[in-house]
Amino acid sequence: MKLVYLNVTLELVYLTLIQSFHQFWIKVQVRTFRSLFICTAYRLPDVPVRCFDIDLTPSFIAASLHNKPITF
C-alpha cells in the first residue's frame, strides 16, 4: 500500500502479527528528502519479553538492508 499526502509518501513495508506480538513498519519520504523507516511494535502483557529478540530481530535486519534510518 502506498499513500501520498502533500509531498509525503507513506509505504507499508511490513505488517507482522505473530502470537500476540504485532509489528507495523512504514517507509516515510517527505518531498525529495531521504526516506526513513518507522516501526511500532506491541506485545500483550502475558507475552514474554523475549519475543522482541525472536520476532523483531529478523524484521530489523531486513529493514537494515535497505540502508535507511530506522526509528522505533
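N67 sits in the loop that links α1 and β5, and its backbone is a good place to start in this predicted model. The residue is not a glycine, yet its phi is positive, at about 60°. N67 also counts as exposed, with 59% relative accessibility.

R31 tells a similar story in another loop, the one between β3 and β4. Here phi is near 50°, again a positive value in a residue other than glycine. With a relative accessible area of 55%, R31 is exposed as well. Despite a gap of 23 residues in sequence, R31 and V8 lie 5.9 Å apart in space, going from C-alpha to C-alpha.

V8 belongs to strand β2, which covers residues 8–18. Another partner for V8 is V30: the two are 22 residues apart in sequence, with 4.3 Å between their C-alpha atoms. V30 itself is part of strand β3. As for cover, V8 is partly exposed at a relative accessible area of 24%, and V30 is also partly exposed at 32%. Neither value falls under the 20% needed to be called buried, so both valines miss that class.

Stepping back to the whole chain, the secondary structure amounts to five strands and one helix. In sequence order these elements run β-β-β-β-α-β. Of the contacts with a separation of 6 or more, 37% join residues 24 or more positions apart. The chain has 72 residues, and 21% of them are buried. The exposed area comes to about 5200 Å², with carbon and sulfur atoms supplying 62% of that figure.

Now for the inside. In soluble globular proteins, nonpolar side chains tend to be buried together. In this model, the largest nonpolar core has eight residues: F21, W25, F37, C39, V47, C51, L56 and A63. At least two residues of this core come from each of β3 (21–30), β4 (36–43) and α1 (51–64). The largest share belongs to α1, with three residues.

Two of the core members are cysteines, C39 and C51. C39 is buried at 4% relative accessibility, and C51 is buried too, at 7%. Both values are under the 20% limit, which is why the two residues can qualify for a buried core. What about a bond through sulfur? A disulfide is a covalent bond between the sulfur atoms of two cysteines. The structure contains zero disulfides, so no pair of cysteine sulfur atoms comes within 2.5 Å. Once neighbours within four places in sequence are set aside, the contacts of C51 are F21, R43 and L56. Of these, F21 and L56 are fellow members of the core.

The surface has a nonpolar feature of its own. F60, I61, L65 and F72 make up a patch there, and together they offer about 450 Å² of accessible area. One of the four, F72, lies in the segment that follows β5 (70–71). F72 has a relative accessible area of 55% and is therefore exposed, given that the class begins over 50%. Two more patch members, F60 and I61, fall within the residue range of α1 (51–64), the helix that also gives three residues to the core.

Note on methods. Residues numbered from 1 in each chain as written. Predicted model: local features only at pLDDT ≥ 70, side-chain atom pairs only at ≥ 80, totals over all residues. Heavy atoms only, no water. Patch = residues over 30% accessible without salt bridge, like charges linked within 9 Å, V, L, I, M, F, W, Y side chains within 5 Å. Areas by Shrake-Rupley, 256 points an atom, 1.4 Å probe, with all protein chains shown as cover. Salt bridge = Lys/Arg side-chain N within 4 Å of Asp/Glu carboxyl O. Buried < 20%, exposed > 50% of the residue type's maximum accessible area, 1.4 Å probe, protein only. Core = buried A, V, L, I, M, F, W, Y, C linked by side-chain atoms within 4.5 Å. Contact = heavy atoms within 4.5 Å.
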